[in-house]
Amino acid sequence: LTTAVLLLTQTKEHTQTVWIMCLQMMKSKADEEDFWHSSKCKPFTFDDEDDEFSKLKESKQTVNNIRPLVDEDEDDDDVEKVSWSGEPVGSETSLLSGRQQPPSSKSFTDSLSDSSARLYAPELRKPKSEYKDFVSDWSPEETVHRMQQGKAVSLEKFRSLQDKLFLLDFAVSANDGNVITAVLIYLKRTLSKEVLFRELQSRQMALRHFIHYLTEIRDQRLLLELFRSLPRPVSPYKEHLSIADENKRRDFLKSCLNLPFSPEDSAHVQDHYTLLERQIIIEATDRQAERGGKVEIFQKFPRRASILNMPLITTLYYCCFYHYPESEGTYSSPLNIRQTFRISEKQYFVTALAARAKVKAWLDVDALFACRNWLGFTRKKSPLSFQRVVDILQKNSAPMQVLQEYVGLVDDSDLRISLAQKHKCHDIVINTYRDMKDRQLLLGYLPKVERGSVEEKKINELLNNLQIRWKN
């Protein structure tokens, strides 16, 4: 009986011990589950709750959680950092904790917040030196120079009318159309129409750019107002057409030089006066030489009309025809006229070529094309295409030898053959077919030359030449 009682007592104590261990395990499991399903920061949920205060509290907490994502200027010290146990870093609990706890289950928003605070530094403002080009107090000249370089500048600081006009004048002096247009757009926005139109009247280049700008944007109303504001010419310049005597007309044009013209019109009146004055001198000298009968050119090619009141190009042609060899110091020299009236090289070349070809001065024609390179060799060079040169020479009845020389200078082989056949330059055609090594074309061209001629003999010699490797 005693043994049975002892066994029963031990069994009972063992059972209690088992139950106590089971309860401890269940409690530990519950605590662990609570630990894993809990968080220091409660995440935002979409669960419906009746308590409005709870909703407001959760919304405020959510905004506070995502603040580090959008506010990059905040310092890292403002973000609360927690340890693996969920305690704030630096607290007594975290310092006294001797064992490493498993990481707490944080929400997705909290994780992003912490990583953002750890990985991304706040964006720093650019140093003030980088804004120097935009905010510095540049002068109008420096501003125009920077605009030409494509740098950012501010025109708003030019507030007074004087500064704006200085800016426009420097833009015109720079001779940059884009800068002039940009300044005009700023003046159009900041000045009244009356002031802008008044100032543009004395600045013809800026006025032309402004008219072109208004035409491009199709502002017909402002363009019409601009034209109406421009003063009508009060000059009696057109009255010179009714003056028959050339000396009186010259004096009248001289009096027009002091009238308030635009720079372009003033230059035109000055050239008109200078040209008429020179024509009067040349006409008087040539009339006397023609009457004397001692100058060969006037005897061989008598003058058909007076040079007075003729256009500038006609005057140049006349001087190239009758006064081509004269030195540049004389009024009737073609080179002097070219320099005085700023005639382009191409226009002078065409006029001189036509005039010297008309006189049959082929040496002068060749001299127009002579060009010496840096090695000292002379070759023929023309500002015109040699096709047009051939046409000019053919209209002035150039001999076959001269035509053949310039037809051979045409670069394109097909065009060269066409011109040679048109002007019957047989040697050019034969030589071109030989260079092309085309035997069939050479045989086809044989009937087009005269029998027994030098060209026929040349073709037969080429066809019988065994050293030429024909391609057909």
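Me: Is the crossing of H17 and H19 left-handed or right-handed?

Reply: In this predicted model, the axes of helix H17 (residues 345–358) and helix H19 come within 9 Å and cross at roughly 35 degrees. Two packed helices are described by the angle between their axes and the distance between the axes. To these two values the handedness can be added, and for H17 and H19 the crossing is right-handed.

Me: Which residues in H19 meet H17, and how many nonpolar residues does the contact of H17 with H19 have?

Reply: From H17 come Val350, Leu353, Ala354 and Ala357, and they meet Arg388, Val389, Ile392 and Leu393 in H19. By class, the contact of H17 with H19 has 1 charged residue and no polar ones, while the number of nonpolar residues is 7.

Me: Which helix gives the largest share of the largest nonpolar core?

Reply: The largest nonpolar core has 56 residues, and those with the most contacts inside it are Leu353, Phe369, Leu393, Tyr406 and Leu442. The largest share of this core, 8 residues, comes from helix H17.

Me: How many residues are in the other core, the one with Met147 among them?

Reply: Apart from the core of 56 residues lies another, which includes Val183, Tyr186 and Phe197 as well as Met147. The number of residues in this other core is 26.

Me: Is Val365 buried or exposed?

Reply: Val365 has its place in helix H18 (residues 362–369), and, not counting residues up to four places away in sequence, Val365 touches Leu353, Arg356, Ala357, Leu393 and Tyr406. Because its relative accessibility is 0%, Val365 counts as buried.

Me: How far apart in space are Val365 and Leu353, C-alpha to C-alpha?

Reply: Leu353 is one of the residues that Val365 touches, although the two are 12 residues apart in sequence. From C-alpha to C-alpha, the distance between Val365 and Leu353 is 6.2 Å.

Me: Why does Gln387 not count as buried, and what does it count as instead?

Reply: Gln387 lies in helix H19 (residues 386–395), and, leaving out residues up to four places away in sequence, Gln387 touches Val410, Leu415 and Leu419. Buried means under 20% relative accessible area and exposed means over 50%. Because the relative accessibility of Gln387 is 33%, Gln387 counts as partly exposed.

Me: Which residues is Thr274 in contact with, leaving aside its neighbours within four places in sequence?

Reply: Thr274 has its place in helix H13 (residues 263–292), where Thr274 is buried, with a relative accessible area of 18%. Leaving aside its neighbours within four places in sequence, Thr274 is in contact with Thr340 and Phe341.

Conventions. Residues are numbered from 1 along each chain as its sequence is written. This is a predicted model: local features need pLDDT of at least 70, side-chain atom pairs count only at pLDDT 80 or more; totals for chains, interfaces and linings use all residues. Side-chain values use heavy atoms; hydrogens and water are left out. Helices (H or I, at least four residues) and strands (E, at least two) are DSSP runs, numbered from the N terminus. Buried means under 20% relative accessible area, exposed over 50%, partly exposed in between (1.4 Å probe, protein chains only). Contact means heavy atoms within 4.5 Å. Axes are lines fitted to C-alpha atoms, for helices over the stretch in contact, and angles run from 0 to 180 degrees between N-to-C directions. A crossing is left-handed if the near helix is turned anticlockwise from the far one by less than a right angle, and right-handed if clockwise. Ala, Val, Leu, Ile, Met, Phe, Trp, Tyr, Cys and Pro count as nonpolar, Asp, Glu, Lys and Arg as charged, and the others, Gly among them, as polar. A nonpolar core is a set of buried Ala, Val, Leu, Ile, Met, Phe, Trp, Tyr and Cys residues joined through side-chain atoms within 4.5 Å.
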